Amino acid sequence: MISEFLAASFFSVFAISVLLCYRAGKILNLSLSSISTLGAYLHFNPFLATLLGIFAGFLLHESTKKLEIARATIFSLGLAIAIEEILRIIFKKEYIITHVQILELFGENVIWNHFIAGIISISFLFLFFSFLFSKKSKTLKIVEEDYELAEIYGIKTERARKIILSFTGGLIALISSFYNQGIIYPTIGWQNLIFATVIATVANVFKEKSYLFAIIFAVVIICLQKFFL
Amino acid sequence: MRWFLLFLTILAVILFLGCTAEEKKEVKIGVLIPKTGEFSSAGVVMENAAKLAEKHAKEIFGINVKIIIADCGDKPETTKAAFMSLSQQGVVAVVGAYSSPQSLIAADTAKELKLVYIASVASADLEGKVKEGNRYVFRNAYNTTYWGVLATEFLEISNASSYYLIGFDPLRTFNAALFNYVKNNTKAEFKGEAWYKSPSIAPEDYKKAVASAIASGAEVVILGDPGPTSVSVVREFAMRSGKATIYSVGGTLALPYVLKNLSVNNVAFQAAAMEGQEKTNLTKRYFEDYRSIFKEDANNYAGILTYDAIMIVAQAASKGDPVEQLEKGSFIGAAGIYSFDENHQAKWGSEKLKGSLGIFRDGKIEILR
């Protein structure tokens, strides 16, 4: 059950990142797939993975800040393909197999790297919800509502968008550099993104509570898979 | 004057030789490679193998092959578009594509365009297409029956008294047919079966299948997933201290570097050919040159069969009409000597063309057959 809990925390963070980009960044950020793959390939240096993830997010913001949501989303797909192709050129191999260390936790064997990814994810969730329940979260809510309204309130929306896209890029690269271990291949990040987007889409229906519901859905779906499907 | 005549004679000889070299016909072969989408990992090795085949066809057979690659993605519609674009570039035949739906649409397009298509990976029912009158489709890969034959042979070789089946849901048609063959043709006891979904839909689903397989107590677990999730299955199996031998249909788990890095004992697999075997004079060169050029172990199913498909077309096209030649001739490939039956299926299981079985034990790969 611990490994399912770790998986749920990883996918919660992924889904929240998708939601943040969509609700506050006004983009369905498809490049998170390849940023996740990038993190996996750079597992030997999570710091570098994070930096490059931040850079990819920043690049996405700069290239799409003047575009409407549909065009920005298409651009993010192009960026995803570009990152994937660069990884193919650099790493060449069809698959990279990485050594995984097993950790015994309460009688259950857990992959050490999944445990680290889980710890980072849970830490992020804790910090994020601390922020959401604080007064400062009003800024985020206004940005999510309407950019023009936010500008009237004196919020620099472009700066907020830049921070969100760069931060989520760095975060996804970091947790993926730990979570996507064992076997790495160029399309590994798409699997994460598709599953996270399913969770994010359902959670988005709940508007202001969407972030909380992203966690609930991730836990419920993964538990359902274990016991019923 | 004498020197001038000598000069003219030498010039004429040079020009003549030049002309014959020029006239040496270029054989253009289209290759459908899944460069994008779900099967893009396999696409990398298929592309590498295709480039190697182009080189070897010139060096070994003296046939001036030019391959033209088109991205067929992972869907039938993208495959059809890629096939059409290849046909407009004057290719004599098209080979490749990965999944069964892709190969089925490629077969229909081949008939429509009257252009030979050789399916080099997929196991869909292409024989049915031939029976319906499509003369243009051939397959040098196994059909589903032969996948079952190899799995059943492995159960016999390993003297297994029981077995369990783990299927991969996105490949349900292929896996179900393979499993049915095994169930109907082995004396070993069937202990049950489980299926897992694509990791895109259910990332942790394979763990449940592994738990059921271990609980069944079967001696051999037959795993129908040729993709990268199969590595996670084997690792989960080892983490849960599973004792059974895992027999994989190949793909990712048939790659020597994957098995060595994974380092889990008793993982058996099938392959069209394995390094260390000399099925023909091309086998050794395929494995050696692949490693020296692409700096990794050669793929021994999707890669080698794409390589062979190009070699087959090159040999057939250099002799005359490709359809006629393919129907009556035999052709050297790295996995064996190919000839096709009345349904245009390569005669796998014949004396000159047999699949291989291997097992990873104690840090090395043993060839079982």
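# Exercises on a predicted two-chain model

Six bridges join strand β6 (residues 162–168) of chain B to β7(B), and the two strands run parallel. Strands pair if DSSP finds at least two bridges between them. Helices (H or I, at least four residues) and strands (E, at least two) are DSSP runs, numbered from the N terminus. This is a predicted model: local features need pLDDT of at least 70, side-chain atom pairs count only at pLDDT 80 or more, and totals for chains, interfaces and linings use all residues. Residues are numbered from 1 along each chain as its sequence is written, while chains are lettered from A and ligands numbered from 1 in the order in which they are written.

**Exercise 1.** Find the bridge partner of B:Ile166 in β7(B), then place both strands in their sheet.

*Solution.* Step 1: B:Ile166 has B:Ala194 as its bridge partner in β7(B). Step 2: the open sheet has seven strands in the order β7-β6-β8-β9-β10-β13-β14 (chain B), with mixed pairing. Step 3: β7 (189–196) and β14 (364–367) of chain B are at the edges with a single partner strand each, so one side of each has no neighbour in the sheet. Step 4: from one strand to the next, the twist averages 25°.

**Exercise 2.** State which strands helix α6 of chain B lies across, and which strands α8 of chain B touches.

*Solution.* Step 1: α6 (residues 144–157) of chain B lies across β6, β8 (220–223), β9 (245–248), β10 (267–271) and β13 (356–361) of chain B, at about 50° to β13(B). Angles run from 0 to 180 degrees between N-to-C directions, and axes are lines fitted to C-alpha atoms, for helices over the stretch in contact. Step 2: α8 (residues 205–216) of chain B packs on the sheet and touches β6, β7 and β8 of chain B, its direction making about 170° with that of β7(B).

**Exercise 3.** Classify the crossing of α8(B) and α9(B) by angle and hand.

*Solution.* Step 1: the axes of α8(B) and helix α9 (residues 229–239) of chain B cross at roughly 45° and come within 9 Å. Step 2: that makes α8(B) oblique to α9(B); angles under 35 degrees count as roughly parallel, over 145 as roughly antiparallel, 65 to 115 as roughly perpendicular and the rest as oblique. Step 3: the crossing is right-handed, as the near helix is turned clockwise from the far one by less than a right angle (anticlockwise would be left-handed). Step 4: B:Tyr206, B:Lys207 and B:Val210 in α8(B) meet B:Thr229, B:Ser232, B:Val233, B:Glu236 and B:Phe237 in α9(B). Contact requires C-beta atoms, placed from the backbone, to lie within 7 Å.

**Exercise 4.** Decide whether B:Gly355 is buried or exposed, and list its contacts beyond four places in sequence.

*Solution.* Step 1: B:Gly355 sits in the loop between β12 (337–338) and β13 of chain B. Step 2: B:Gly355 is buried, because 22 other C-beta atoms are within 10 Å (buried: 20 or more within 10 Å; exposed: 12 or fewer; partly exposed: in between). Step 3: leaving aside neighbours within four places, B:Gly355 contacts B:Tyr142, B:Tyr146, B:Leu150, B:Gln270, B:Ala272 and B:Trp348. Step 4: B:Gly355 and B:Ala273 are 82 residues apart in sequence, yet 6.4 Å apart C-alpha to C-alpha.

**Exercise 5.** Give the number of residues in contact on each side between chains A and B.

*Solution.* Step 1: 23 residues of chain A are in contact with 23 of chain B. Step 2: on the side of chain A, α9(A) gives the most, with four residues.

Definitions and conventions:
Two residues are in contact if their C-beta atoms, placed from the backbone, lie within 7 Å.
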